[in-house]
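This report describes the fold, the packing and selected loop residues of one protein chain. The sequence and the model are shown first.

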Amino acid sequence: TASRFRAPRTPQQNGVAERKNRTLIEAARSMLADAKIPITFWDEAIATACFVQNRTLLVQDKNKTSYELLFGRKPNISYLKAFGCPVSILNLNDHLGKFESKSDDGFFLGYSSVSKAYRVFNSKTNTVIETINVKFLENSFPSVAHGPEWLFDLDSLSKSFNSNLFDFSGKARKESGDLGCFSDDSDNDEDGNFNSEYPFMS
């Protein structure tokens, strides 16, 4: 069959990629809402969603995860933790007195892209750090969000991604103009794999 090209700057015509993007955005939105974490951490949520989905979602026609298709072995998921859960971070940087607290509070954000470590937000220093010296408190999520309302406005976050351009059936809405919608032609068929830029901790 003849090759088909997409119109420039028209993501609506790239069905497979846009459906994958929508899956990640919806997952990140749910993760932020459930953990009551500010939307400023949307990038961490999307990276973590991609990391987890590559190791858990099955590619239908092959009955394997994306990780298995890429590396030829089943992924180790024993280290996966609940996104946004409170954590206690061992303080190894400051010179502490005998009776000073040796841990800082924070919450879990994801997995390191360069080492076998976790990414956590340190509430004391207001920084994101990578460490393995952390204790997870997965049964003590906050009941309410703390901070101004705009920090937790998930609708504005979704609009910033222009995700309202697509409905849940995966077809483009008409408000974008007649730019074409997702096609079911054979040139759109793919294995369903999508890679994360994040290394693996197995």
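The account below proceeds from the overall architecture to the sheet, the helices, the cores and the loops.

**Basis of the description**

The model is predicted, so that local features require pLDDT of at least 70 and side-chain atom pairs count only at pLDDT 80 or more, whereas totals for chains, interfaces and linings use all residues. Residues are numbered from 1 along each chain as its sequence is written, and side-chain values use heavy atoms, with hydrogens and water left out.

**Overall architecture**

The chain contains 4 helices and 7 strands. These elements are DSSP runs numbered from the N terminus, with helices (H or I) of at least four residues and strands (E) of at least two. Along the sequence, their pattern is α-α-β-β-α-β-β-β-β-β-α. The chain has 202 residues, of which 36% count as buried; buried denotes under 20% relative accessible area, exposed over 50%, and partly exposed the range in between (1.4 Å probe, protein chains only). Among the contacts with a separation of 6 or more, 59% involve residues 24 or more positions apart, a contact being heavy atoms within 4.5 Å.

**The sheet**

An open sheet is formed by 5 strands in the order β6-β5-β4-β3-β7, with antiparallel pairing. Strands are taken as paired if DSSP finds at least two bridges between them. At the edges lie β6 (127-131) and β7 (134-136), each of which pairs on one side only. From one strand to the next, the twist averages 40 degrees.

Strand β5 (residues 118-122) is joined to the antiparallel β6 by 5 bridges. Within this pair, V120 is opposite I129 in β6, and F121 is opposite V128 in β6.

**Helix packing**

Two packed helices are described by the angle between their axes and the distance between the axes. For α1 and α2, the angle is about 115 degrees and the axes are 8 Å apart. Axes are lines fitted to C-alpha atoms, for helices over the stretch in contact, and angles run from 0 to 180 degrees between N-to-C directions. The crossing of α1 past α2 is right-handed; this term applies if the near helix is turned clockwise from the far one by less than a right angle, and left-handed if anticlockwise.

On the α1 side, T23, L24, A27, A28, M31 and L32 take part, and they meet W42, A45, I46, T48, A49, C50 and Q53 in α2. The contact of α1 with α2 comprises 10 nonpolar, 3 polar and no charged residues. In this classification Ala, Val, Leu, Ile, Met, Phe, Trp, Tyr, Cys and Pro are nonpolar, Asp, Glu, Lys and Arg are charged, and the others, Gly among them, are polar. Helix α2 also lies across β4, β5 and β6, running at about 55 degrees to β4.

**Nonpolar cores**

A nonpolar core is a set of buried Ala, Val, Leu, Ile, Met, Phe, Trp, Tyr and Cys residues joined through side-chain atoms within 4.5 Å. The largest has 19 residues, and those with the most contacts inside it are L32, I37, F41, A45, F83, F107 and L109. At least two residues of this core come from each of α1 (15-35), α2 (42-56), β4 (103-111) and α4 (154-160). Helix α1 gives the most, with 6 residues.

F83 illustrates the packing: apart from residues up to four places away in sequence, F83 touches M31, L32, A35, I37, E44, A45, T48, F108, L109 and F141. A second, separate core of 11 residues includes F51, Y79, Y118 and V134.

**Loop residues**

Three loop residues are compiled by location and relative accessible area.

| Residue | Loop | Relative accessible area |
|---|---|---|
| N63 | between β1 (58-59) and β2 (64-65) | 55%, exposed |
| S123 | between β5 and β6 | 39%, partly exposed |
| N126 | between β5 and β6 | 55%, exposed |

N63 is not glycine, yet its phi is positive, near 55 degrees. In the hairpin of β5 and β6, which has 4 residues between the strands, N126 likewise takes a positive phi near 55 degrees.

S123 touches D105 and G106, not counting residues up to four places away in sequence. The C-alpha atoms of S123 and G106 are separated by 4.9 Å, although the two residues are 17 residues apart along the chain.
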